[in-house]
Amino acid sequence: KGVGFAHKTKSPVLKGTPMTRTIPALAALAALLIGANAPAASLSIITSTPQRAPGQVLTVTIQGAGFDAATSGGDFSVIFDGAALQFVSGTFLAPFDTISIPSTPGASSPIRVDVFRSQSGDVGTGGVLFDVATIDFNVLAGLGAGTTLQLGPDSVFNLGWFDPGVNTQYNVSYGSLGISAVPAPPALWLLGTAVAGLVVRRFR
């Protein structure tokens with residue numbers, strides 16, 4: 001009987017050991033499930049003039065989509081080639097009423113942008129495509145064959161994008177935009193060919 005009694009007193013300890021290993025595993029699994037179920041959203045960058053020439057101004061618009069529970073604002077960065085584009089300025093678009101962006105033209109890449117609405121609540125962004133901001137760039141000689149503007153998370157504060165209650169952070173995917181140089185008009189190509197032909201013919 002003494003042996004049996006000793007066996008019973010040890011039994012709870014043996015049963016408890018796997019449980020202490022299981023609790024952390026369950027916690028990790030729950031964290032993964034919560035992350036997988038977090039709302040997905042996207043920020044895209046568009047323009048009506050994807051072909052620009054040096055000396056012209058490029059205006060791009062940032063748009064959001066997939067914010068099912070709406071959003072009262074957030075931050076992001078814009079990465080660009082400083083030899084092809086020069087930052088000029090940016091402004092918020094409705095429904096947002098405040099923007100934080102470099103105030104000095106010529107700010108280097110990446111530039112940090114933060115937009116938000118001073119009043120909370122659904123501001124017309126839930127489940128729809130909405131405008132965030134516009135940004136202007138001067139097109140430089142370095143544009144060459146083209147360049148790409150890339151959106152990304154804010155590299156300084158990385159506050160993310162939140163729902164109006166500020167209790168859910170969205171998983172945001174970031175888009176990009178390709179800009180190409182304006183091709184020379186066919187007439188100029190013909191003129192250049194003709195001039196070259198005359199030069200060659202003269203030296204014969």
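Ala70 is tucked away in this predicted model: it is buried, with a relative accessible area of 1%. The residue sits in the loop between strand E3 (57–65) and strand E4 (73–79), and its phi is near 70 degrees, a positive value in a residue other than glycine. That is worth a look because most residues other than glycine have a negative phi. Phe67, found in that loop between E3 and E4 as well, is a good place to go next, since it belongs to an aromatic cluster.

**The chain overall**

- The chain has two helices and twelve strands.
- Reading along the sequence, you get α-β-β-β-β-β-β-β-β-β-β-β-β-α, so a helix comes at either end of the pattern and the strands fill the middle.
- Of the 204 residues in the chain, 27% are buried.
- Counting contacts with a separation of 6 or more, 79% are between residues 24 or more positions apart.
- About 12,100 Å² of the chain is exposed, and carbon and sulfur atoms supply 63% of that area.

**Phe67 and the aromatic cluster**

- Searching the whole structure turns up seven aromatic pairs.
- One of them is Phe67 with Trp161, a tilted pair at 5.6 Å centre to centre, with 55 degrees between the planes.
- This pair links distant parts of the chain: Phe67 is in the loop between E3 and E4, Trp161 is in strand E10, and their positions lie 94 residues apart in the numbering.
- Both partners, Phe67 and Trp161, are buried.
- Another pair is Phe96 with Phe130, whose ring centres are 6.1 Å apart; the planes are at 55 degrees, so this pair is tilted.
- Phe96 lies in the loop between E5 and E6 while Phe130 is in strand E8 (residues 130–139), so the pair ties together parts 34 residues apart in sequence.
- Phe96 and Phe130 are buried too.
- Put together, Phe67, Phe96, Phe130, Trp161 and Tyr170 form one aromatic cluster.
- Phe67 itself has a relative accessible area of 0%, so it counts as buried.
- Leaving aside neighbours within four places in sequence, Phe67 is in contact with cluster members Phe130, Trp161 and Tyr170.
- The rest of the Phe67 contact list is Ala41, Ser42, Leu43, Thr125, Gly126, Gly127 and Val172.
- For Phe67 and Gly127, the C-alpha atoms are separated by 5.5 Å, although the two residues are 60 residues apart along the chain.

**Backbone oddities**

- As a reminder, most peptide bonds are trans.
- A cis peptide bond joins Ala94 and Pro95, with omega at about 20 degrees.
- Pro95 lies in the loop between strand E5 (85–92) and strand E6 (98–100), and Phe96 of the aromatic cluster lies in the loop between E5 and E6 as well.
- Ser109 and Pro110 are also joined by a cis peptide bond, with omega at about -5 degrees.
- Pro110 lies in the loop between E6 and strand E7 (111–116).
- Asn158 has a phi near 50 degrees, again a positive value in a residue other than glycine.
- You'll find Asn158 in the loop between strand E9 (147–152) and strand E10 (161–162).
- Unlike buried Ala70, Asn158 is partly exposed, at 46% relative accessibility.

**A buried arginine**

- Arg52 is found in strand E2 (residues 51–52).
- Arg52 is buried yet has no salt bridge.
- The nearest side chain of opposite charge to Arg52 is Asp136, at 9.2 Å, and a salt bridge would need a nitrogen–oxygen distance within 4 Å.
- What does Arg52 touch, not counting residues up to four places away in sequence? The list is Val57, Leu58, Val139, Leu143, Ser180, Ala181 and Val182.

**A nonpolar surface patch**

- Val156, Phe157 and Leu159 form a nonpolar patch on the surface, with about 320 Å² of accessible area together.
- Leu159 is in the loop between E9 and E10, where Asn158 also lies.
- At 44% relative accessibility, Leu159 counts as partly exposed.

Notes:
Residues are numbered from 1 along each chain as its sequence is written. This is a predicted model: local features need pLDDT of at least 70, side-chain atom pairs count only at pLDDT 80 or more; totals for chains, interfaces and linings use all residues. Side-chain values use heavy atoms; hydrogens and water are left out. Helices (H or I, at least four residues) and strands (E, at least two) are DSSP runs, numbered from the N terminus. Buried means under 20% relative accessible area, exposed over 50%, partly exposed in between (1.4 Å probe, protein chains only). Rings of Phe, Tyr and Trp (its six-membered ring) pair if their centres lie within 6.5 Å; planes under 30 degrees apart count as stacked, over 60 as edge-to-face and the rest as tilted. Lys and Arg count as positive and Asp and Glu as negative; His and the chain ends are not counted. Contact means heavy atoms within 4.5 Å. Patches are made of residues with over 30% relative accessible area and no salt bridge: like charges are joined within 9 Å, nonpolar side chains (Val, Leu, Ile, Met, Phe, Trp, Tyr) within 5 Å. Accessible areas come from the Shrake-Rupley method with a 1.4 Å probe; for residues, only the protein chains shown count as cover.
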